[in-house]
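Here are a few friendly notes to read alongside the model. Please keep the structure open as you go through the points.

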Amino acid sequence: RLLCREDFEKLPPGVSGEHALAPGHAGQGLVLKMPDGRFDMALSSQAMPAGTVEWWVRPRPAAQIWLDQGWHYFLHGAPAVAGGPRLDLSRHIGSSLELALSAGEVREALTIPTGNLDLQEWHHLLVSWDLRGERQYLWLLIDGKGFQSFFPATEGGRQALGPLQLGTLQFGNTPSGDDTPLLPMDGAVDEVR
């Protein structure tokens with residue numbers, strides 16, 4: 001079931017900082033510019049024990065973020081409840097994209113190398129989770145290729161990572177409220193699902 005969708009044919013609510021509408025992957029896209037461009041998509045805050053977020057992204061080619069040694073944020077799933085599980089997708093030093101699901105000191109993550117991605121092209125990103133059952137799963141794909149990670153639902157006899165209950169999906173920069181400096185994606189997004 002599709003819970004949210006944005007194609008950027010007009011400027012949606014939740015866009016802040018330096019930004020502009022421009023040609024996208026299909027029709028219009030949203031360019032999130034340096035240093036503070038971001039797009040926050042409000043969600044219904046319902047519990048999501050399983051789900052998928054997918055979108056197209058094209059970082060500014062001159063920034064070479066698929067290759068550089070910097071840290072860049074692509075997505076943050078902000079918990080609707082303080083201290084609840086959060087979802088983060090960022091490009092880390094060492095040329096890899098990392099998807100992390102965390103709550104308190106419990107953290108599960110997986111990475112994909114990005115050094116072979118074309119700097120000029122749009123790339124399809126997909127993150128997915130299934131936290132139902134005794135074995136829980138995370139998926140990260142770029143252009144249909146990627147990895148799956150699985151881990152036990154309980155740790156030390158207690159539920160390690162409960163269902164995600166996200167209030168906002170934040171695209172293109174450091175999560176709001178984090179004590180981290182701006183870490184922009186510096187590029188365009190389109191077709192968020």
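1. Let us begin with one strand pair in this predicted model. Strand 4, residues 38-42, and strand 15, residues 166-171, are joined by 4 bridges and pair in the antiparallel sense. If you would like a residue to start from, take A42: its bridge partner in strand 15 is T168.

2. That pair sits within an open sheet of 7 strands, whose order is 1-4-15-6-7-8-9 and whose pairing is antiparallel. At its edges you will find strand 1 (15-16) and strand 9 (106-113), each of which pairs on one side only.

3. Now for another sheet. Here 7 strands in the order 2-3-16-5-10-11-12 form an open sheet, and the pairing is antiparallel. Strand 2 (19-23) and strand 12 (145-152) stand at the edges; each has a single partner strand, so one side of each is left without a neighbour in the sheet. From one strand to the next, the twist averages 25°.

4. Strand 12 deserves a second look together with its partner. Strand 11 (residues 135-142) runs antiparallel to strand 12, and 8 bridges join the two. Two positions help to set the register: Q136 stands opposite F151 in strand 12, and Y137 stands opposite F150 in strand 12.

5. What lies between strand 11 and strand 12 in their hairpin? There are 2 residues between these strands, and D143 in the turn has a positive phi of about 55°. It would be kind to readers to label D143 in the turn when you draw the hairpin.

How values were computed:
Residues numbered from 1 in each chain as written. Predicted model: local features only at pLDDT ≥ 70, side-chain atom pairs only at ≥ 80, totals over all residues. Heavy atoms only, no water. Pairing = 2+ DSSP bridges. Axes fitted to C-alpha atoms, helices over the stretch in contact; angles between N-to-C directions.
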